[in-house]
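Here's a walk through how the protein meets its DNA in this model. Have the structure open while you read.

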Number of protein chains: 2
Amino acid sequence: MSVQERKQRERAERERLIVATARKLAEQQGWDAVTTRRLAEHIEYSQPVLYSHFRGKREIIGAVALQGAAELATAVRAATSAADGPRARVAALARAYLDFAAGNPAVYDALFQLDGGLAYAQEDTPEPLKDAFAALLETLDEVTGDGIDPGLFTEVFWAALHGLATLTRAGRLLPEDAEPRVELLVDRLAVV
Amino acid sequence: MSVQERKQRERAERERLIVATARKLAEQQGWDAVTTRRLAEHIEYSQPVLYSHFRGKREIIGAVALQGAAELATAVRAATSAADGPRARVAALARAYLDFAAGNPAVYDALFQLDGGLAYAQEDTPEPLKDAFAALLETLDEVTGDGIDPGLFTEVFWAALHGLATLTRAGRLLPEDAEPRVELLVDRLAVV
DNA sequence: CTCGTTTGTCTAGCGGTGCTAGGATCAGTT
DNA sequence: AACTGATCCTAGCACCGCTAGACAAACGAG
């Protein structure tokens, strides 16, 4: 019995190692550099071992994405809870979101840019993803305005943030004007 | 002399064929299906011929992107010029943009999602890209509001549209509520 | 303690990718 | 008619995600 437990623990530990290594590698050199061969070499196992933990590369990306969703939710909640007043909370949320995207580009890609095989906006959406959306909604609910569904408003606000994050990171927007963009977005979208 | 001209014409024709085929293939089966081998087979030449026209796959994607930018600009201008009043023009712009993204997903990917090796937001940004941005700015300029730089406002509005487009296409947002989202976005962001 | 059995891991290989070197072929010129 | 240069293709490189099958280590039973 205890033998099985030890083995299970070791397996779980190795799985964590795989995800952490994939994430580190992606953060350092981009997801293109995260090949199954390189990943296997870094964890000091052979390639097929990866497939005893995950169905394929997609699932590994998905695992990193779920980690990222949890961290994003935490970051957003930490930022909003430290701000006073609805306007300040929304601005803090926006900055926290964009900072997360800029600070963890590979994780953000895993979440929203790459195919991690995760279901979104559905019943079987994994909990961390729902919770990240909930973290946004908690604060944005305050500034939704009359007659508007808070969920819909959150979607729109989120889309705007996502657009800013991705266009900036892809070089389509210059990062210098990030702050005035946030100010404008918050001033217009949020009903205070 | 005339011989050289004919050859040049034929070369240009073949280049158009490459881009058109890449685009069609991408639109039908996604960019993943656009491999140099498949593309070469479709144009009935061998693989290396592609490399006598383009540096690599990136540049082919870039060529499709430039085509798309021109069409996007045209679509936006057509939609806005058919609408009466600033509010209606902005709403028409938003719908035209999102329709374009939904109707030409592969082209939209080439433009904003994939690496086509194009420069953005810089001096040497290709003309079609600048012009597509200009097409947005022309209409959004009217509803920017006092004290705000129209360019900055256009960036923010564009980012919001881009977010809606990409999140919807990736299954992160359900397409059913597209219209109310547009309404909300226009009502809040545009100063009429 | 020894012997099957099960479990785990690795080596080797499949079909695919983007890209390129080098030889063959064909057109235009003299 | 022979040369020359442009043009194109065959073949191959190193890499990709993924998997079959051989092998070894660890386990439980007698």
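## The annotated stretch

UniProt, in an unreviewed entry, lists residues 35-54 of chain A as "DNA-binding region". UniProt positions are given in the numbering used here, feature names are shortened, and annotations may be inferred rather than shown by experiment. In the model, that span is 55% helix and 0% strand, and its end C-alpha atoms lie 14 Å apart. (Helices are DSSP runs of H or I with at least four residues, strands are runs of E with at least two, and both are numbered from the N terminus.)

A word on ground rules: this is a predicted model, where local features need pLDDT of at least 70, side-chain atom pairs count only at pLDDT 80 or more, and totals for chains, interfaces and linings use all residues. Residues are numbered from 1 along each chain as its sequence is written, chains are lettered from A and ligands numbered from 1 in the order in which they are written, and side-chain values use heavy atoms, with hydrogens and water left out.

## Two copies

Chain A superposes on chain B after a rotation of 180° with 0.0 Å of shift along its axis, at an RMSD of 0.1 Å (a least-squares fit on the C-alpha atoms of residues with pLDDT of at least 70 in both). That's the relation of a two-fold axis. Both copies use the same surface: 100% of chain A's contact residues recur in chain B, with contact meaning heavy atoms within 4.5 Å.

## DNA strand C

Around DNA strand C sit 18 residues, the closest being A:Arg14, B:Thr35, B:Thr36, B:Gln47 and B:Lys57; a residue counts as near if one of its heavy atoms lies within 4 Å. α2(B) gives the largest share of this surface, three residues.

Now the polar contacts (for protein and DNA, pairs of N or O atoms within 3.5 Å). B:Gln47 puts a polar side-chain atom 2.7 Å from a base nitrogen of DNA strand C. Phosphate oxygens of this strand lie 2.8 Å from a polar backbone atom of B:Thr36 and 2.9 Å from a side-chain N or O atom of B:Tyr51.

## DNA strand D

DNA strand D is also surrounded by 18 residues, with A:Thr35, A:Thr36, A:Gln47, B:Arg14 and B:Ser46 the closest. Sugar and phosphate make up 53% of the strand's atoms that come within 4 Å of the protein.

Here a polar backbone atom of A:Thr36 is 2.7 Å from a phosphate oxygen, and a side-chain N or O atom of A:Tyr51 is 2.9 Å from a phosphate oxygen. On the base side, B:Arg37 has a polar side-chain atom 3.5 Å from a base oxygen of DNA strand D.

Technical notes. Polar contact = N/O pair within 3.5 Å; in protein donor to acceptor, adjacent residues only side chain to side chain.
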